[in-house]
Amino acid sequence: MSDKVSNPTSTPTHTPASNAGSDAAGNSASNSASTAPYELVIGLEVHVQLATQSKLFCRCSTRFGAEPNTQTCPVCIGLPGALPVMNREAYQLALRTALALHCEIPAFTKWDRKNYYYPDLPKGYQISQFDLPMSRNGWLEIRDPKGEFAPKRVRITRAHLEEDAGKSMHDEVAGRADSRIDLNRTGTPLLEIVSEPDLRSPREAKAYLTELRLLLVYLGVSDCNMQEGSLRVDANVNLHIATPEGTIATPIVEVKNVNSFRAVERALAFEAERQYEAWLETGQRKGDVPKQTRGWDDQRQITYGQRHKEESSDYRYFPDPDLAPVTITVEQVERIRAGLGELPAATRTRLESDYQLPAYDADVIVNQESAFVAYYLAVADGCGDGKQAANWLTQEVLRLMNERNWTIGQFPVPASGLVELLAAVKSGKAPATRAKELFGAMVDGSLALDAAMERLGIAAVSSSEIESLCRQLLADNPRIVADVKSGKAQAAASLIGQAKKRNPNVNPNDVRATCLKLIEQM
Amino acid sequence: MALSRADVEKVSLLARLQLGPAELDRLTGELGRIVDFVEQLSELETREIAPLAHALDVANVFADDVVKPSLPRDEALANAPKRDDECYRVPAVLGE
Ligand SMILES: [Zn+2]
């Protein structure tokens with residue numbers, strides 16, 4: 001049954017955390033109402049690289065992995081006199097995402113300079129959006145098909161379009177006290193998506209990130225590759241503690257450098273306990289100390305305090321005089337909204353209502369890439385049984401994809417091949433008992449059904465062939481016939497073994513039924 | 001809104017400019033006169049005027065998402081005070 005299928009490992013963040021410590025902490029936080037003496041309050045900031053060919057304000061390539069400093073130009077390294085021009089595609093991708101997040105799109109938006117010094121920021125400012133972002137006030141719904149938390153709409157404060165910084169690397173080879181700067185990434189378009197502090201447990205935070213990434217991949221606006229830094233997460237977290245004098249809030253901590261969704265979950269669970277102990281020790285409340293930034297150390301599984309950058313919050317934003325503002329009409333917004341296509345939440349609902357799938361199955365299917373959903377729909381429509389199709393996909397197809405590290409696009413058997421197999425089983429052309437074996441042969445040899453049947457030596461046995469085989473068997477075994485006639489129907493079982501020896505393709509049930517029928521007529 | 005010496009000190013820190021006491025005094029005076037000059041605008045009645053985000057009346061200036069050649073690496077690195085064959089070199093970045 002599908003509820004025994006473990007979550008697909010091709011999307012590792014779906015795998016439940018196996019670390020016992022993290023799970024214990026996660027549970028105490030997610031059940032905070034009943035067990036923990038505090039409520040965990042989490043807001044997430046996600047930076048996602050948009051899938052453009054060229055950068056946000058110049059036409060340098062955004063390709064990942066190029067030789068250092070080979071994808072820069074006067075605009076993105078901030079040489080005097082260079083003029084940035086907005087990438088239309090980046091703006092469109094940002095707009096699609098904002099609409100999919102149910103954001104309002106203001107008629108007017110502009111870009112501002114956020115001034116700070118850092119070696120990977122060659123202009124001395126980042127072009128970002130301050131008081132008039134391109135979108136605001138949206139939401140993303142999260143659900144847990146296992147019911148560990150109630151469905152909720154996480155409010156999105158804003159999503160705005162900005163440029164990325166470069167990369168600094170420590171020179172380990174030469175061992176000198178220098179950092180090396182690669183500015184290839186400088187100016188790559190980023191969408192910063194800021195949530196309200198609506199998340200209440202590490203599990204909810206992970207569900208939010210998983211759902212957000214799924215949405216971004218469905219929209220095709222980002223590859224969301226965390227290893228390559230296409231999706232980065234910062235978490236703002238504090239506690240609301242019930243005390244005799246009322247609820248108090250602990251100082252807000254921003255956790256940075258969290259490089260996987262599982263690490264986000266663990267870092268938040270760690271912070272919950274650390275902040276509670278810090279509060280017991282110091283009694284410090286929100287407002288007593290400036291906002292602290294902490295990094296996540298994945299090796300030691302702890303957060304650690306980061307050096308407080310002096311004056312770091314004084315960014316002196318002002319409108320970038322080099323960039324023209326952008327205006328948009330309601331008609332333009334509606335046209336883009338209409339072209340978004342079906343998004344994951346709607347697909348889940350459709351699979352549950354039109355294909356009678358349990359929420360869990362619908363979730364497993366939709367959480368794959370959209371091509372997997374298309375494969376499912378083709379199989380379900382082709383065989384006319386949504387649940388049967390879901391069982392085959394969540395069990396056989398996903399298992400094989402995970403085992404062999406395939407995407408559904410690389411899967412050697414097309415949906416039509418699986419439909420053909422299911423139809424052959426239904427008509428009796430292929431034995432139901434060997435359906436999985438047959439599918440395995442189709443997959444291994446990239447074979448059509450007939451070729452796979454031939455390879456396994458499975459030939460369709462007609463009913464007249466079965467009947468003549470059974471007549472022979474009965475003639476050769478008068479004693480069994482007598483036993484069955486005297487009421488011992490189970491005596492027919494030994495006929496099945498003999499039948500299989502004479503023709504391995506016969507269906508045992510057919511042999512039994514045919515023999516019993518013939519004996520009755522004798 | 002007069003500009004104070006402390007303001008100039010803070011801005012110079014943010015701009016990574018190391019200013020001596022004499023320079024701070026001089027710049028407080030010079031920058032102060034610029035701020036006072038701009039300050040004259042506050043004498044105008046602006047309640048009926050919509051805020052402006054850009055000096056020119058232009059909007060929606062876009063470029064197509066088409067990759068064009070970047071600078072050769074040697075040219076890109078040409079102005080760096082310190083570099084190697086591939087990268088800019090800067091004093092070690094700490095704390096991140
Ligand atoms: Zn460039």
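1. Buried area first: in this predicted model, chain B and chain A bury about 4,100 Å² between them, with carbon and sulfur atoms giving 53% of that figure. In terms of who touches whom, 37 residues of chain B are in contact with 54 residues of chain A.

2. On the charged side of things, seven salt bridges turn up across the interface of chain B and chain A. If you want one to pull up on screen, try Lys10(B) with Asp314(A): their side chains meet in a salt bridge at 2.8 Å, N to O.

3. Polar contacts come next. Counting pairs where both residues are at pLDDT 80 or more, 22 residue pairs are in polar contact across the interface of chain B and chain A. Which elements of chain B supply at least two residues each to the side that touches chain A? They are α1 (5-14), β1 (62-63), α3 (73-76) and β2 (88-91). Of these, β2(B) gives the most, with four residues.

4. As for the make-up of that side of chain B, the residues touching chain A split into 21 nonpolar, 11 charged and five polar.

5. β2(B) deserves a second look, as it also pairs with a strand of the other chain: four bridges join it to β9 (residues 178-182) of chain A. Do the two strands run parallel or antiparallel? β9 of chain A and β2(B) run antiparallel. For a place to start tracing the pairing, take Asp178(A), whose bridge partner in β2(B) is Pro91(B).

Note on methods. Residues numbered from 1 in each chain as written. Chains lettered and ligands numbered in written order. Predicted model: local features only at pLDDT ≥ 70, side-chain atom pairs only at ≥ 80, totals over all residues. Heavy atoms only, no water. Contact = heavy atoms within 4.5 Å. Buried area = accessible area lost by both parts, 1.4 Å probe. Salt bridge = Lys/Arg side-chain N within 4 Å of Asp/Glu carboxyl O. Polar contact = N/O pair within 3.5 Å; in protein donor to acceptor, adjacent residues only side chain to side chain. Nonpolar A, V, L, I, M, F, W, Y, C, P; charged D, E, K, R; others polar. Pairing = 2+ DSSP bridges.
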